[in-house]
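Trainee: I would like a close look at a single part of this protein. Please take one helix and what lies around it, and then set it against the rest of the chain.

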Amino acid sequence: MLPTTSVNSRSQGNGALSPRDAARHTAGAKRYKYLRRLFHFQQMDFEFALWQMLYLFTSPQRVYRNFHYRKQTKDQWARDDPAFLVLLSIWLCVSTVGFGFVLDMGFFETIKLLLWVVFIDCVGVGLLIATLMWFISNKYLVKQQNRDYDVEWGYAFDVHLNAFYPLLVILHFIQLFFINYVIMSDSVIGYFVGNTLWLIAIGYYIYVTFLGYSALPFLKNTAILLYPFALLIVLYLISLACGWNFTKMLCSFYKYRVK
């Protein structure tokens with residue numbers, strides 16, 4: 001059973017929050033607290049963030065059980081500690097530098113690639129996906145449209161970051177060891193290895209996203225979030241049949257963008 005703690009502000013007899021405590025639970029207040037902690041590294045729990053990164057690969061369900069605990073103790077689903085985001089940013093920088101080295105990019109080209117990966121691939125796409133999932137889940141997946149419960153936008157963005165981290169490691173780290181000598185070749189084994197890594201990475205993204213929303217007890221029919229698996233498998237089989245090399249196409253795209 002998940003541990004619970006009583007919230008002092010609910011001790012008014014009818015369970016309502018006092019005006020002062022209600023102000024602390026607004027989205028703006030939570031966002032301000034989160035952003036303020038970005039500049040106080042001593043307040044961040046990096047050890048716990050590393051634990052989450054490890055279990056996102058081995059047992060992502062355990063990560064989302066912790067989100068339940070946060071809801072019970074801090075009355076919010078989204079993270080209030082930016083340590084995970086900071087470590088993810090470091091991973092982005094290191095892996096992108098490695099990617100630039102493998103693709104034989106110069107210093108300024110690597111910096112351009114880093115800016116693209118951080119602000120477009122991670123943040124830009126993340127904001128778009130989080131907003132879309134936040135809207136869809138609140139509009140169509142909330143049980144009986146109960147307005148006492150809703151999906152926090154911050155939680156939707158956390159789910160994206162959780163799902164993006166394994167994808168990042170697979171495509172920007174593990175794949176680096178195969179690019180020059182295997183994947184970039186014109187052989188069948190080249191696009192088979194490359195496309196299979198893409199299949200695993202995107203499949204993991206879909207699965208971790210599904211776990212994130214299915215962990216919310218007030219949502220229904222979250223199994224539909226697994227439906228993109230079917231399209232993913234179809235695209236994977238078509239790519240093998242046609243000899244499309246997704247990694248080769250991506251590398252060519254990045255080289256074009258950083259010129």
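Mentor: What follows is a walk along one helix, then the chain as a whole, and then two residues from other helices.

The model is predicted. The part to look at is helix H5, which covers residues 83-102. Its length can be checked with simple arithmetic: at 1.5 Å a residue, 20 residues should span 28 Å, and the C-alpha atoms at the two ends are 29 Å apart, so the expected and modelled values agree.

Next, the side of the helix that is covered. The buried residues of H5 are Ala83, Phe84, Val86, Leu87, Leu88, Leu92, Ser95, Thr96, Phe99, Gly100 and Val102. An α-helix has 3.6 residues a turn, so residues three or four places apart point the same way. Both nonpolar residues such as Leu88 and Leu92 and the hydroxyl-bearing Ser95 and Thr96 are on the buried list. What do these buried residues pack against? Their partners are helix H3 (46-58), helix H6 (107-141), helix H7 (153-174), helix H8 (176-183) and helix H11 (246-257). Just after H5, Asp104 adopts a positive phi of about 60 degrees.

The chain around this helix has 11 helices and 0 strands. Of its 259 residues, 43% count as buried. Among contacts between residues at least 6 apart in sequence, 73% join residues at least 24 apart. The chain exposes about 14,600 Å², and carbon and sulfur atoms supply 67% of that area.

Helix H6, one of the packing partners of H5, also holds Ile111. Ile111 has a relative accessible area of 34%, so it counts as partly exposed. Together with Phe107, Phe108, Leu115, Phe119, Ile120 and Val125, Ile111 forms a nonpolar patch on the surface, and the accessible area of the patch is about 720 Å².

For a buried polar residue, turn to Asn195 in helix H9 (residues 188-214). Its relative accessible area is 1%, which means that Asn195 is buried, the cut-off being under 20%. The side chain of Asn195 reaches the backbone nitrogen of Phe246 at 3.1 Å. Neighbours within four places in sequence left aside, Asn195 is in contact with Tyr236, Ser239, Leu240, Trp244, Asn245 and Phe246. Helix H11, another partner of H5, covers residues 246-257.

Definitions and conventions: Residues numbered from 1 in each chain as written. Predicted model: local features only at pLDDT ≥ 70, side-chain atom pairs only at ≥ 80, totals over all residues. Heavy atoms only, no water. Helix = DSSP H or I, 4+ residues; strand = E, 2+ residues; numbered from the N terminus. Expected span 1.5 Å × (residues − 1). Buried < 20%, exposed > 50% of the residue type's maximum accessible area, 1.4 Å probe, protein only. Contact = heavy atoms within 4.5 Å. Patch = residues over 30% accessible without salt bridge, like charges linked within 9 Å, V, L, I, M, F, W, Y side chains within 5 Å. Areas by Shrake-Rupley, 256 points an atom, 1.4 Å probe, with all protein chains shown as cover. Salt bridge = Lys/Arg side-chain N within 4 Å of Asp/Glu carboxyl O. Polar contact = N/O pair within 3.5 Å; in protein donor to acceptor, adjacent residues only side chain to side chain.
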